[in-house]
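Good morning, and thank you for coming. Please take a moment with the sequence and the structure before I begin.

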Amino acid sequence: MSNAGEARRRLGVVTRYKGHVAAFSPAFWEVKDVGGAWTVQPPGAIPMVSCFGDNRLGKAHPEWIQVDAAGTPATRQSRYFDWTALCPSQPAVRAQAVAWVERALKDGGGDDLRLDDVTFARQGYCHCRACRDGMAAAGLDWATYRQETLTAFVREVRRLVPGRLYLTLYPDPYPGHLEDRFGLDVDQLKGLVDGFITPVYDLAYATTYWVEDIAHGFRDRLGGALWMVELYGLDVPEAALGRALEVAAFYADQVLVAYDRDLDKLRRLEARLEGK
Ligand SMILES: [Zn+2]
């Protein structure tokens, strides 16, 4: 279901500032980040949980890290990844992710939740023992097994979330890429979540054609599902960010600005989107 119209004109945020939560809707709050830190969300904020990205747990449990066919772990040290990717096939990893979801709902007292980093690291991951055994037991090919594994996780979380459930997607709308690279069966996931969010980050937004290409691609790809584009805000020049927001807002149901600390700037950007 699409909430274009009124929702499109309002600015949402991903924030670390309590004072921003009441000012914008929706306001997402990273309760569990890829570093492994936990920060309870203030009332009214929607918690974001990084499910399978966790540097701290990767260090404590290297056997939980995703590996490629050559055994190369999905870490910042060994590959180009930005953080350590844990394997969703491993029962302990999955149980931990579910426990984080339960804690986020309990601590904050809200009904809504956003899942982050529900993904295999990239194409080629994962070939750990749990994945190989799970694939054999399920009698599935590797690509299908990966997608079924993540769909099953989202389905499990869906049962725990009484309100709206959002899922972050990597900004690659090219047909088949979310499925093949990250193990996300978007068509199945559409039936499980209430909305998708795509971070499209840059530090300057000096050009916007690529923001438009990605946003346009996702509008075609997600076809009617609610989805938001999330742009990076911290220290990004306001005029450039405003232009990029307008481009994204043309295609998305809603736009978000992430991590900007400047409340006045965010209010001016919202007014710009509203045409004031
Ligand atoms: Zn694995």
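Is Ala137 buried or exposed? Ala137 counts as exposed, because its relative accessibility is 71% and the threshold for that class is over 50%. This residue lies in helix α5. Its C-alpha atom and that of Arg56 are separated by 30 Å, the two residues being 81 apart along the chain. I should say at once that we are looking at a predicted model.

Let me turn to the metal site. The zinc ion has four protein donors, namely the SG atoms of Cys87, Cys126, Cys128 and Cys131. These donors lie 2.2 to 2.4 Å from the zinc ion. In sequence, the donor residues follow the spacing C-x38-C-x1-C-x2-C.

What is the geometry of the site of the zinc ion? The angles among its four donor atoms run from 96 to 117°, and the site is tetrahedral. The assignment follows because four donors count as tetrahedral when all angles lie between 85 and 135 degrees. For reference, the ideal angle for four tetrahedral donors is 109.5 degrees.

Next, the accessibility of the donor residues. Cys87 has a relative accessibility of 0% and therefore counts as buried, the limit being under 20%. Cys126 is also buried, since its relative accessible area is 1%. Cys131, at 2% relative accessibility, counts as buried as well.

With several cysteines in view, one may ask how many disulfides there are. The count comes to zero, with a pair of cysteine sulfur atoms required to lie within 2.5 Å.

Cys126 deserves a second look for its backbone. The peptide bond from Tyr125 to Cys126 is cis, with omega near 15°. Cys126 lies in the loop between β4 and α5, where α5 covers residues 129-138. So one residue brings together a cis peptide bond, a zinc donor atom and a buried position, because its relative accessible area is 1%.

A further cis peptide bond runs from Ser25 to Pro26, with omega near -5°. Both Ser25 and Pro26 are found in the loop between α2 and β2. That loop joins α2, residues 18-21, to β2, residues 27-32. Ser25 is partly exposed, because its relative accessible area of 38% falls between the limits of 20% and 50%. Between the C-alpha atoms of Ser25 and Arg76 the separation is 33 Å, for residues 51 apart along the chain.

I move on to backbone angles. Which sign does phi take at Asp117? It is positive, near 55°, in a residue other than glycine. Asp117 is found in the loop between β4 and α5, and it counts as buried because its relative accessibility is 15%. Tyr259 likewise is not a glycine and has a positive phi, of about 70°. Tyr259 lies in the loop between β8, residues 254-258, and α11, residues 263-273. With a relative accessible area of 13%, Tyr259 is buried.

Asp117 leads us to the largest pocket, as this residue is one of those that lie nearest the centre of that pocket. The others named there are Asp82, Trp83, Tyr170 and Pro199. In total, 30 residues line the largest pocket, and its volume is about 890 Å³.

What is the character of the lining of the largest pocket? Its residues divide into 18 nonpolar, eight charged and four polar. Two strands, β3 (46-50) and β4 (113-116), each supply at least two residues of this lining.

I close with helix α10, which spans residues 238-251 and contains Leu245. Leu245 is buried, because its relative accessible area is 1%. Its C-alpha atom and that of Tyr232 are separated by 10 Å, with the two positions 13 residues apart in numbering along the chain.

Thank you; I would be glad to discuss any of these points.

Definitions and conventions. Residues are numbered from 1 along each chain as its sequence is written. This is a predicted model: local features need pLDDT of at least 70, side-chain atom pairs count only at pLDDT 80 or more; totals for chains, interfaces and linings use all residues. Side-chain values use heavy atoms; hydrogens and water are left out. On a 1 Å grid over the protein atoms alone, a cavity is a set of points where a 1.4 Å probe fits but cannot get out, and a pocket is an open set with protein on both sides within 12 Å along at least five of seven lines; lining residues have an atom within 4 Å of a point. Grid points are joined across faces, edges and corners, and a volume is the space filled by probe spheres set on the points. Helices (H or I, at least four residues) and strands (E, at least two) are DSSP runs, numbered from the N terminus. Ala, Val, Leu, Ile, Met, Phe, Trp, Tyr, Cys and Pro count as nonpolar, Asp, Glu, Lys and Arg as charged, and the others, Gly among them, as polar. Donors are N, O and S atoms within 2.8 Å of the metal (3.2 Å for Na, K and Ca); water is not among the atoms, so sites may look incomplete. Four donors count as tetrahedral if all angles lie between 85 and 135 degrees; four count as square planar and six as octahedral if opposite donors are over 155 degrees apart and all others between 65 and 115; anything else is irregular. Buried means under 20% relative accessible area, exposed over 50%, partly exposed in between (1.4 Å probe, protein chains only).
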